[in-house]
Amino acid sequence: MDAKTLTVGVPVRDLELAIAWYQHALELGAPDMIPIDGLVEFNLGSFWLQLALSPETAGGDGLTANISVSDATGEHRRLSALGHTVSELERFEGVVEYFVLTDLDGNKLGFVTELR
């Protein structure tokens, strides 16, 4: 696997309030990306901080981590062939390809390829 970066995803109940809170707490400027409605991303240098509007999981399921790879389709195929539990590969045209690998304890690790 050729990992490029790490994205830490935080589900939030109120996106605008969360943006303001994180900007204040972490001394952030404006979001670096707003790839789709309900999602903002801040480039923090060594990793990305992603705030996602998800009231049903905010504070419950906790944080997520997404590994940026050069070929999500290839990683999906490889992990599936090895018998690992992976979600369907999702494609958001012009934005990302994405899937989730679930470990033996039910922990989820996302794999993403930017489509720009």
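How many salt bridges does the structure hold? The structure holds 4 salt bridges, a salt bridge being a side-chain nitrogen of Lys or Arg within 4 Å of a carboxyl oxygen of Asp or Glu. The exercises below treat some of them, together with a strand and the cores.

This is a predicted model, in which local features need pLDDT of at least 70 and side-chain atom pairs count only at pLDDT 80 or more, while totals for chains, interfaces and linings use all residues. Residues are numbered from 1 along each chain as its sequence is written, and side-chain values use heavy atoms, with hydrogens and water left out.

**Exercise 1.** Describe the salt bridges of Lys4 and Arg91, and state how exposed their partners are.

Solution. Step 1: Lys4 pairs with Asp2 in a salt bridge, and their closest N and O atoms are 2.6 Å apart. Lys4 is partly exposed, at a relative accessible area of 48%; the terms are buried for under 20% relative accessible area, exposed for over 50%, and partly exposed in between (1.4 Å probe, protein chains only). Asp2 is likewise partly exposed, at 42%.

Step 2: Arg91 forms a salt bridge with Glu93, with 2.9 Å between the closest N and O atoms. Arg91 is partly exposed, with a relative accessible area of 46%, whereas Glu93 is exposed, with 61%.

Step 3: Arg91 also meets the side chain of Glu97 in a salt bridge (2.6 Å, N to O). Glu97 is buried, with a relative accessible area of 10%. Through shared partners, salt bridges join Arg91, Glu93 and Glu97 into one network.

**Exercise 2.** Locate Thr113 and describe its surroundings.

Solution. Step 1: Thr113 lies in strand 9 (residues 108-114); helices (H or I, at least four residues) and strands (E, at least two) are DSSP runs, numbered from the N terminus.

Step 2: Strand 9 is joined to strand 8 (residues 96-102) by 7 bridges, and the two run antiparallel; strands pair if DSSP finds at least two bridges between them. In this pairing, Glu97 stands opposite Thr113. Strand 5 (residues 64-69) runs parallel to strand 9, with 4 bridges joining them, and Ile67 stands opposite Phe111.

Step 3: Thr113 is buried, with a relative accessible area of 9%. Apart from residues up to four places away in sequence, Thr113 touches Val69, Ser70, Asp71, Ala72, Val95, Val96 and Glu97, where contact means heavy atoms within 4.5 Å. A polar atom of the Thr113 side chain lies 2.8 Å from the backbone oxygen of Val69.

**Exercise 3.** Identify the largest nonpolar core and the elements that supply it.

Solution. Step 1: The largest nonpolar core has 11 residues, among them Val10, Leu15, Tyr22, Phe42 and Leu51. Such a core is a set of buried Ala, Val, Leu, Ile, Met, Phe, Trp, Tyr and Cys residues joined through side-chain atoms within 4.5 Å.

Step 2: At least two residues of this core come from each of strand 1 (3-12), helix 1 (15-26), strand 3 (39-43) and strand 4 (48-53). Helix 1 gives the most, with 4 residues.

Step 3: A second, separate core of 7 residues includes Ala72, Leu79, Phe99 and Phe111.

Definitions and conventions: A polar contact is a pair of N or O atoms within 3.5 Å; within protein, one must be able to donate a hydrogen and the other to accept it, and residues adjacent in sequence count only if both atoms are side-chain atoms.
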